[in-house]
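Hello,

Here is the structure I said I would pass on. My notes on it follow below; please read them with the coordinates open.

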Amino acid sequence: MTTPPPQGQNPFAQGQQPYGQPQPQAPYPPQGGYPQQPGQPGFPPGGAPYAPVPQQPRRRFSFKAIRLVIVLVIAVVAAIGGYIASKDDADTAKVGDCMHRGSTSDTNPDLEVVECSSAKAQYVVLAKIKGSYTTEITASSKCEAAAKDFQYTYTESGDGSDFLLCLKDYK
């Protein structure tokens, strides 16, 4: 069993003088306050009493974002270019339009609509008949019924707009 400490003493105090006794004087003389800086009242010359707030990092575009934008721009340009290029395809031809053959291939002549006043005008459309015509005999008989003086037939199928053009040389 332990005995309690004597009255007025703290057993846990380390090196403290008992209550009521004078404290020893510090070996250093008292220091004066900091001189005030003009325009900064209340702040010591060493700086602010808190750390400065760091600037927010600048938001930079990531390579993924830049790549995505480039891909989107290319896709939009390709779509617009395809639309503009398809405006003068054979499927937009009407009776009386002039056509130009862009290829020497008989299987893919690459017909396009041109102005009749253009030097490129080679053929004139005499008739345009909707439907699929797989044989030349069927196409010729349809053109003969629609335009007796036709010279050439052009069929297009497979893209949802099957049609037959009856053509004649443009003079």
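Gly158 sits in the loop that links β4 to β5. With a relative accessible area of 72%, Gly158 is exposed. Its C-alpha lies 8.8 Å from that of Ser132, although Gly158 and Ser132 are 26 residues apart in sequence. Please bear in mind throughout that this is a predicted model.

Now the overall layout. The chain has two helices and five strands, and from the N terminus their order is α-β-β-β-α-β-β. The chain has 171 residues, of which 16% count as buried. Its accessible surface is about 14500 Å², and carbon and sulfur atoms account for 57% of that. Taking contacts between residues at least 6 apart in sequence, 45% join residues that are at least 24 apart.

Strand pairing

Strand β3 takes part in two pairings that I looked at. With β5, β3 runs antiparallel, and seven bridges join the two. One facing pair there is Lys130 and Phe163, the latter in β5. With β1, which covers residues 98-101, β3 also pairs in the antiparallel sense, over two bridges. On that side Cys98 has Val124 of β3 as its bridge partner.

The nonpolar cores

Which residues make up the largest nonpolar core? There are 10 of them: Ala90, Ala93, Met99, Leu111, Tyr123, Val125, Tyr154, Phe163, Leu165 and Leu167. Two elements, β3 (123-130) and β5 (163-169), each give two or more residues to this core. The largest share, three residues, is that of β5. A second core, separate from this one, has nine residues, including Ile129, Ala147, Phe150 and Leu164. As background, nonpolar side chains in soluble globular proteins tend to be buried together.

Tyr123, a member of the largest core, has a long contact list. Outside its neighbours within four places in sequence, Tyr123 is in contact with Asp97, Cys98, Met99, Arg101, Leu111, Tyr152, Leu167, Lys168, Asp169 and Tyr170.

Tyr152, which appears in that list, belongs to strand β4. Tyr152 has a relative accessible area of 36% and is therefore partly exposed, as the value falls between 20% and 50%. With neighbours within four places in sequence again left aside, the contacts of Tyr152 are Tyr123, Leu165, Cys166, Leu167 and Asp169. Lys168 is absent from my list for Tyr152, but the C-alpha atoms of Tyr152 and Lys168 are separated by 6.2 Å, with their positions 16 residues apart along the chain.The salt bridge

How many salt bridges are there? The count comes to one. Its partners are Lys168 and Asp149, whose side chains meet at 3.3 Å, N to O. Lys168 is in strand β5, while Asp149 is in the loop between α2 (136-146) and β4 (152-156), so the pair ties together parts 19 residues apart in sequence. Lys168 counts as partly exposed, at 23% relative accessibility. Asp149 is partly exposed too, with a relative accessible area of 43%. In general, side chains of opposite charge can pair when their charged atoms come close.

The surface

There is a nonpolar patch on the surface formed by Phe61, Phe63, Ile66, Ile70 and Ile74. Together these residues have about 630 Å² of accessible area. One of them, Phe63, lies in helix α1, which covers residues 63-86. Is Phe63 buried or exposed? Phe63 has a relative accessible area of 75%, which is over the 50% cut-off, so Phe63 is exposed.

A backbone detail

Asp110 has a positive phi of about 55°, although Asp110 is not a glycine. Asp110 is found in the loop between β1 and β2 (111-114), and Asp110 is partly exposed, with a relative accessible area of 43%.

Regards

Conventions
Residues are numbered from 1 along each chain as its sequence is written. This is a predicted model: local features need pLDDT of at least 70, side-chain atom pairs count only at pLDDT 80 or more; totals for chains, interfaces and linings use all residues. Side-chain values use heavy atoms; hydrogens and water are left out. A nonpolar core is a set of buried Ala, Val, Leu, Ile, Met, Phe, Trp, Tyr and Cys residues joined through side-chain atoms within 4.5 Å. Buried means under 20% relative accessible area, exposed over 50%, partly exposed in between (1.4 Å probe, protein chains only). Helices (H or I, at least four residues) and strands (E, at least two) are DSSP runs, numbered from the N terminus. Contact means heavy atoms within 4.5 Å. Accessible areas come from the Shrake-Rupley method with a 1.4 Å probe; for residues, only the protein chains shown count as cover. Patches are made of residues with over 30% relative accessible area and no salt bridge: like charges are joined within 9 Å, nonpolar side chains (Val, Leu, Ile, Met, Phe, Trp, Tyr) within 5 Å. A salt bridge is a side-chain nitrogen of Lys or Arg within 4 Å of a carboxyl oxygen of Asp or Glu. Two strands pair if DSSP finds at least two bridges between them.
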